[in-house]
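Visitor: I am new to reading protein structures, and I would like a close look at one turn and what lies around it. Could you walk me through it slowly and then show me how it fits into the rest of the chain?

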Amino acid sequence: MTQMTPMKQLTRNQSLVLDALLQAEAPLSAYTILDRLRDEGFRAPLQVYRALDKLLDLGLVHRLESISAFVACAHPHQGCCAHGLTAFTICEACGKVTEFHDHLIEERLGAFARDHQFRPGKATIEVRGHCAGCA
């Protein structure tokens, strides 16, 4: 199933990678995505990385730097990730990831950047701990 984005139609590989992330219950590494898509003809990590790069550019997925994994954007059509600040809570016990946006944090980071004459490009906040179910 090929999905539509505001910019263009996704390629088959991009659509398969996005679908794998949408169906996952936890973040996936590129190699886990590759393993899940081998039956779809994926043979090399480069196929996954190329699809992920485009999906990242389109704001449809996020990379969680601290765990070297990817998640589908929780609200890809709201444009909230386009402004540069995305935040996540990551449960260290079960791996549950919750994406959120907080305008107060964004305003404070923006004020800090202005006060220090810093031009931020992208900001990702990853808060690690334990979710309510694991606490």
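**A turn and its surroundings**

Guide: Let's begin with Ser 68, which has a relative accessible area of 40%. Ser 68 counts as partly exposed because buried means under 20% and exposed means over 50%. Please keep in mind as we go that this is a predicted model.

Where does Ser 68 lie? Ser 68 is in the loop that links strand 1 (61–64) to strand 2 (69–72). These two strands form a hairpin, with 4 residues between them. Ser 68 sits in the turn of that hairpin and has a positive phi of about 50 degrees, although Ser 68 is not a glycine.

Now follow the two strands away from the turn. Strand 1 and strand 2 run antiparallel, and 4 bridges join them. You can pick out one pair for yourself: Val 61 stands opposite Ala 72, a residue of strand 2. Ala 72 also helps to answer another question: are the faces of strand 2 covered or open? Both faces are covered. On one side Ala 69 and Val 71 are buried, and on the other Phe 70 and Ala 72 are buried too. So as you step from Ser 68 into strand 2, you go from a partly exposed residue at 40% to Ala 69, which is under the 20% limit for buried.

Let's compare this turn with another place in the chain. Gln 117 also has a positive phi, near 50 degrees, and is a residue other than glycine. Look for Gln 117 in the loop between helix 4 (103–115) and strand 5. With a relative accessible area of 77%, Gln 117 is exposed, because the limit for exposed is over 50%.

Next, step back to see the order of the elements. The chain has 4 helices and 5 strands. Starting at the N terminus, they run α-α-α-β-β-β-β-α-β. The hairpin is made by strand 1 and strand 2, and the other strands have an arrangement of their own. An open sheet of 3 strands has the order 4-3-5, with mixed pairing. Strand 4 (97–100) and strand 5 are its edge strands, as each pairs on one side only. From one strand to the next, the twist averages 20 degrees. Within this sheet, strand 3 (residues 85–91) pairs with strand 4 in the antiparallel sense, over 4 bridges. One residue pair to find here is Ala 87 with its bridge partner Phe 100 in strand 4.

Past strand 5 there is another spot to visit. A "binding site" annotation in an unreviewed UniProt entry covers Cys 91, Cys 94, Cys 131 and Cys 134. These cysteines span 44 residues in sequence, yet no two of their C-alpha atoms are more than 8.2 Å apart, so they gather at one spot. Cys 131 is in the segment after strand 5 (123–129), and Cys 134 lies in that segment as well. Beyond its neighbours within four places in sequence, Cys 131 is in contact with Cys 91 and Cys 94. On the same basis, Cys 134 is in contact with Cys 91, Ala 93 and Cys 94. Cys 134 is partly exposed, with a relative accessible area of 31%.

For a helix, try helix 3 (residues 45–57), where you will find Gln 47. Gln 47 has a relative accessible area of 25%, so it is partly exposed. Leaving out neighbours within four places in sequence, its contacts are Asn 13, Gly 41 and Phe 42. Gln 47 and Ala 30 are 17 residues apart along the chain, and their C-alpha atoms are separated by 9.7 Å.

Finally, here is the chain as a whole. Of its 135 residues, 35% are buried. Among contacts with a separation of 6 or more, 51% link residues 24 or more positions apart. The accessible surface comes to about 8,500 Å², and 51% of it belongs to carbon and sulfur atoms.

How much confidence goes with the picture? The pLDDT averages 89 over the chain, and 89% of the residues score at least 70. Over residues 1–7, however, the pLDDT is below 50, although that stretch has 17 contacts in the model beyond near neighbours in sequence. Where pLDDT is low, predicted coordinates should not be read in detail.

Technical notes
Residues numbered from 1 in each chain as written. Predicted model: local features only at pLDDT ≥ 70, side-chain atom pairs only at ≥ 80, totals over all residues. Heavy atoms only, no water. pLDDT = per-residue confidence, 0-100. Contact = heavy atoms within 4.5 Å. UniProt positions renumbered as here; feature names shortened; annotations may be inferred. Buried < 20%, exposed > 50% of the residue type's maximum accessible area, 1.4 Å probe, protein only. Areas by Shrake-Rupley, 256 points an atom, 1.4 Å probe, with all protein chains shown as cover. Pairing = 2+ DSSP bridges. Axes fitted to C-alpha atoms, helices over the stretch in contact; angles between N-to-C directions.
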